[in-house]
Amino acid sequence: MKSFLALLFVLIISFSAQSQDLLGQLENQQSHVSKPVTAMFKGTRIFNGQSIELRGQGNLDVIISHRFGRLNSGGYNFFGLDDSNVRLGLEYAVLDRLTLGFGRNSVNKVYDGFVKGKLLEQKTIGSPLSIVWMSDMSIYTLKRPELNMTFQRRLRYVHQVLLARKFSPGLSLQLMPSLVHHNLVESESDPNNLAALGLGGRVALSKRVSLTGEYYYRFGKDLSGHNSLGIGVDIETGGHVFQLHFTNSNEMTPSGFIPSTQGNFFDGDIHFGFNIVRSFTLKHDY
Amino acid sequence: MKRLLFLLIFLFHLMQALGQQMNSQSGYVKFFSEALVEDITAENKNAKAVFDAQSGEVAFLVPISDFEFRKSLMKEHFNENYMESEKYPNAVFKGRIEGVDLEKGQGTALAKGTFTIHGVSKEVEIPGTYSMKEDVLILESIFWIVLEEYEIEIPRLVFQNIAEKVEVTIKFELK
């Protein structure tokens, strides 16, 4: 009788396994497959600083950025639109996980270059966040006849670790522990080395429009200037990303806007700005 | 008692035979969209299928994020903007294939059932062919999908880039 019961039991189990809906079987299998979590941000920049995004291998982004003057400079100055500074940038994805970038800024006539590499990718099952390393070097080439400007004195460095997580299709948050080093600083009270912690985020308003925010907190006492702060909108139309934003920074390299943001956001020292990103595929996947 | 046991064992074996399922873990799905500015092709080699030859019941599952494009940015836009693959990770078909005769070895068949893409379900009939090579059953079909029917929106700005209907090619080798 016992063996009969055991057999009946086996029978019921096997019957129920077979009667499971075929699609249910496939969906069950698929639910154990881990997938990379992609598209945390629309652009490779949140707007001033780097986002966790990297483009696929062979992709060249041309980025044209403008920052206008301060909104509170009044109607005579057309609320800042009379002044503008420009950064022209190129970013090339050498590998899926490695991007090299170059740029030229009109403010202080700065040339910048950076290396950005993905160390870890968020997965649906597994890693809860993505990690990207970014090292940036810039050369300040403004003529300063009053100073003995050697090449060394013109160099500035920034190293960042970007930690980001996409919590849902609509919300991504990013932390940016950063180290800034200036070989030469403006005054004795400014430190050569500055640590900062950035916080960035994206809230998707629709499939193609999202709201972004970026803030860098600087560690240190009696620092001159202000912490960089801004909000923006990303609009994506296929091959282009348009980023429109309001920030208290007028510089576009991390060695500029992290330590030397001069505007006080809450006094209205706000710059309207935009980045236009156009992607070109130089190398196809097949 | 013994007879009952015997009967049960017999039933058990019968059911094993009845429930004989054929599987594929690496089915091939390609779509092709011909448009003014740019033709778009994407391939997926991770589609899954299970087919019950006895009853004709069948299920297909296509993971949307496994479609590979010529341009990496297209893949991102496909997933984020068109298919919303985080919300709707798979396209699935559930139904029955009529006309498969394993002994005949090859011929045409008709799949009838529910196709769910982008979270939208539709009753469809898809014609195709089958052929038997040794132990492997090959199912092939080419059919069209009208994007609008599955509420896949194309913004006017990129209208010229993407056709309103795409040609889908599938090939599954089931064992």
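This is a quick tour of two chains, A and B, in a predicted model.

Let's start with chain A. UniProt, in an unreviewed entry, lists residues 41–280 of this chain as "domain: DUF5777". That stretch is 54% strand and 3% helix, and the C-alpha atoms at its ends lie 18 Å apart.

On the surface, Leu71(A), Phe78(A), Phe79(A), Leu81(A), Ile231(A) and Phe246(A) make up a nonpolar patch, and together they offer about 550 Å² of accessible area. One of them, Phe78(A), sits in the loop that runs between strand 1 (59–70) and strand 2 (84–95) of chain A.

Now for the inside. In soluble globular proteins, nonpolar side chains tend to be buried together. Here are the two cores to look at:

| Core | Size | Residues, among them |
|---|---|---|
| Largest nonpolar core | 44 residues | Phe31(B), Phe67(B), Phe115(B) |
| Second, separate core | 17 residues | Val37(A), Ile46(A), Met176(A), Phe257(A) |

The three residues named for the largest core are those with the most contacts inside it. Take Phe31(B): leaving out residues up to four places away in sequence, Phe31(B) touches Ile40(B), Thr41(B), Ala42(B), Phe67(B), Phe69(B), Phe78(B), Val166(B), Glu167(B) and Val168(B).

Phe78(B), one of those partners, also leads us to helix 2 of chain B, where Phe78(B) is buried. This helix spans residues 72–82 and is mostly covered, with nine of its 11 residues buried. Polar side chains are tucked away here too: the buried set includes Glu76(B), His77(B), Asn79(B), Glu80(B) and Asn81(B), along with Leu73(B), Met74(B) and Tyr82(B). Just past the end of helix 2, Glu84(B) adopts a positive phi of about 50 degrees.

How values were computed
Residues numbered from 1 in each chain as written. Chains lettered and ligands numbered in written order. Predicted model: local features only at pLDDT ≥ 70, side-chain atom pairs only at ≥ 80, totals over all residues. Heavy atoms only, no water. Patch = residues over 30% accessible without salt bridge, like charges linked within 9 Å, V, L, I, M, F, W, Y side chains within 5 Å. Areas by Shrake-Rupley, 256 points an atom, 1.4 Å probe, with all protein chains shown as cover. Salt bridge = Lys/Arg side-chain N within 4 Å of Asp/Glu carboxyl O. Helix = DSSP H or I, 4+ residues; strand = E, 2+ residues; numbered from the N terminus. Core = buried A, V, L, I, M, F, W, Y, C linked by side-chain atoms within 4.5 Å. Buried < 20%, exposed > 50% of the residue type's maximum accessible area, 1.4 Å probe, protein only. Contact = heavy atoms within 4.5 Å. UniProt positions renumbered as here; feature names shortened; annotations may be inferred.
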